[in-house]
Amino acid sequence: MGVKFQIGLTTDFLNAQGKLAYQDIGLDLLEARGERVSYRFIEEYRDELGADQIEGLDAVFLDEPLVTPASLAHAERLKVIARFGVGYDGVDVAACTAADVAVVNTPGAPTHPVAEANVCFMLAITHRLLIKDNLLRSGRWHERYNYMGSELRDRVPGIVGLGRIGRRTLELLSSFGMGRPIAYHPRMDHAAMAELGVSKVDLPTLMKNADFVIVCTSLNDSSRGMIGAGQLALMNPHAYLINTARGPIVDERALYETLKEQRIAGACLDVYSAEPVDETVPAFGELDNVILTPHALSITNESVRDMGRMALNSILQVADGKAPAELINKEVWDRPGFQAKLGGA
């Protein structure tokens, strides 16, 4: 029998009592491998994965910790890092490749819950759900007509980034009788968008004409700060901004000033430039035209299950010497150092 394939999971998968924080992340997949595979939770949580924490491990399944060049100082055995989620900006992929470590994520798993969250936000803010909840709780029933809601019907959704989540959001919105969607997605042509029933526009046109600016793009060098003061100034006074993608895509200070001065109708935010939110993030909580959630709307029992199983299946594929479909740094697979590691699995 060969050496066991050793998998480490970061402790942010556990609650304060040391128990699994989620109903299901697919650990049964590992247990089904019997003696060929073993797993353990890395004992100490650190914001940055420590080089000492990966010693003796073939794979790491992580949620929040960063992976830096220093993390990989002793990665002689490590073969794969699996990120729990779609975003992997906290993982230095180039450093992983240089250290002969594959990186995988879980694309597709959060698609439905994030799309559903976009619709949830749109309905909640247009129907003024939080304000009306507060009216009843504070005994102000007779003020209910002072806070009229509005419908999604006939209004124009504008999608920034027409990938999986953007397309799924439009599918869910299709039953609300909204106007023809518009989208900004530079790499998709007019014909492809037309097949989806969407009009392709540039970003300024979208900001001017959308009743809802729904941010669905990934965070990269071109999208960082994409929506700033200039773009927000183009929005109509009755329009809303929805961001469930990544905080740094939107200039938060500019958005705060726009909302404070009521130059747009409102915003819904699940993501922020600094997470957890600290004093560097504008005090959105002071405003009543914004709904705030702690980067949690994509965290459902179903999405956690799907992400966990996708990530662990990718790890097990590496253990079997197979390249997973979710491999981010595909060039690592043919590197001699990486292949040597696989031979020693």
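Modeller: A residue counts as buried when its relative accessible area is under 20%. Keep that cut-off in mind. This is a predicted model.

Colleague: How many of the 16 residues of H3 are buried?

Modeller: Helix H3 covers residues 111-126. The helix is mostly covered. Its buried residues include Val114, Phe121, Met122 and Ile125. The number of buried residues in H3 is 12 of 16.

Colleague: How far apart are the end C-alpha atoms of H3?

Modeller: H3 has 16 residues, and at 1.5 Å a residue they should span 22 Å. The model agrees with that expectation. The end C-alpha atoms are separated by 23 Å.

Colleague: Which residue with a positive phi follows H3?

Modeller: Thr126 closes the helix, and Thr126 is buried. The residue that follows H3 has a phi near 55 degrees. That residue is arginine 128.

Colleague: Now the whole chain. What is its radius of gyration?

Modeller: The chain has 345 residues, so a compact globule would have a value near 20 Å. The model agrees with that. Its C-alpha atoms fill a box of roughly 75 × 50 × 35 Å along the principal axes. The radius of gyration is 22 Å.

Colleague: What share of the 345 residues is buried?

Modeller: The chain holds 11 helices and 12 strands. Its accessible surface comes to about 16500 Å², with 50% of that belonging to carbon and sulfur atoms. The buried share of the residues is 48%.

Colleague: What share of the contacts with a separation of 6 or more joins residues 24 or more positions apart?

Modeller: Take threonine 68 as an example. Beyond four places in sequence, threonine 68 is in contact with Glu48 and Asp92. Over the chain, residues 24 or more positions apart account for a share of 62%.

Colleague: How far apart do the centres of the positive and negative side chains lie?

Modeller: There are 34 positive side chains and 45 negative ones. Each set has its own centre. The two centres are separated by 4 Å.

Colleague: Is threonine 68 buried or exposed?

Modeller: Threonine 68 sits in the loop between E3 and E4. Its relative accessibility is 17%. The cut-off is under 20%. So threonine 68 counts as buried.

Colleague: What is the relative accessibility of alanine 73?

Modeller: Alanine 73 lies in the loop between strand E3 (59-62) and strand E4 (80-83). Its C-alpha is 24 Å from that of valine 37, a residue 36 places away in sequence. Alanine 73 counts as partly exposed, at 46%.

Colleague: On to H10. How far apart are its end C-alpha atoms?

Modeller: H10 runs over residues 301-319, which makes 19 residues. At 1.5 Å a residue, the expected span is 27 Å, and the model agrees. The end C-alpha atoms are 27 Å apart.

Colleague: Which glycine follows H10?

Modeller: Val318 and Ala319, among the buried residues of H10, sit at the end of the helix. The glycine that follows has a positive phi, near 80 degrees. That residue is glycine 321.

Colleague: What distance separates the C-alpha atoms of asparagine 301 and glutamine 23?

Modeller: Asparagine 301 belongs to helix H10. With a relative accessible area of 45%, asparagine 301 is partly exposed. The two residues are 278 residues apart along the chain. Their C-alpha atoms are separated by 6.6 Å.

Colleague: Which residues does glutamine 317 touch, not counting those up to four places away in sequence?

Modeller: Glutamine 317 is also in H10. At 28% relative accessibility, glutamine 317 counts as partly exposed. Its C-alpha is 41 Å from that of valine 201, 116 residues away along the chain. The residues touched are Lys322, Ala323, Pro324 and Ala325.

Colleague: Which residue in the loop between H2 and E5 has a phi near 60 degrees?

Modeller: The loop joins helix H2 (93-98) to strand E5 (102-104). The residue is other than glycine, and its phi is positive. At 13% relative accessibility, the residue counts as buried. The residue is aspartate 100.

Colleague: What is the phi of histidine 295?

Modeller: Histidine 295 is in the loop between E12 and H10. At 25% relative accessibility, histidine 295 counts as partly exposed. Its phi is positive, near 45 degrees.

Colleague: What is omega for the peptide bond from glutamate 275 to proline 276?

Modeller: Proline 276 is found in the loop between strand E11 (266-269) and strand E12 (290-292). The bond is cis. Omega is near -5 degrees.

Technical notes:
Residues numbered from 1 in each chain as written. Predicted model: local features only at pLDDT ≥ 70, side-chain atom pairs only at ≥ 80, totals over all residues. Heavy atoms only, no water. Helix = DSSP H or I, 4+ residues; strand = E, 2+ residues; numbered from the N terminus. Rg over C-alpha atoms; globule rule 2.2 N^0.38 Å. Buried < 20%, exposed > 50% of the residue type's maximum accessible area, 1.4 Å probe, protein only. Contact = heavy atoms within 4.5 Å. Areas by Shrake-Rupley, 256 points an atom, 1.4 Å probe, with all protein chains shown as cover. Lys, Arg positive; Asp, Glu negative; His and termini not counted. Charge placed at Lys NZ, Arg CZ, Asp CG, Glu CD. Expected span 1.5 Å × (residues − 1).
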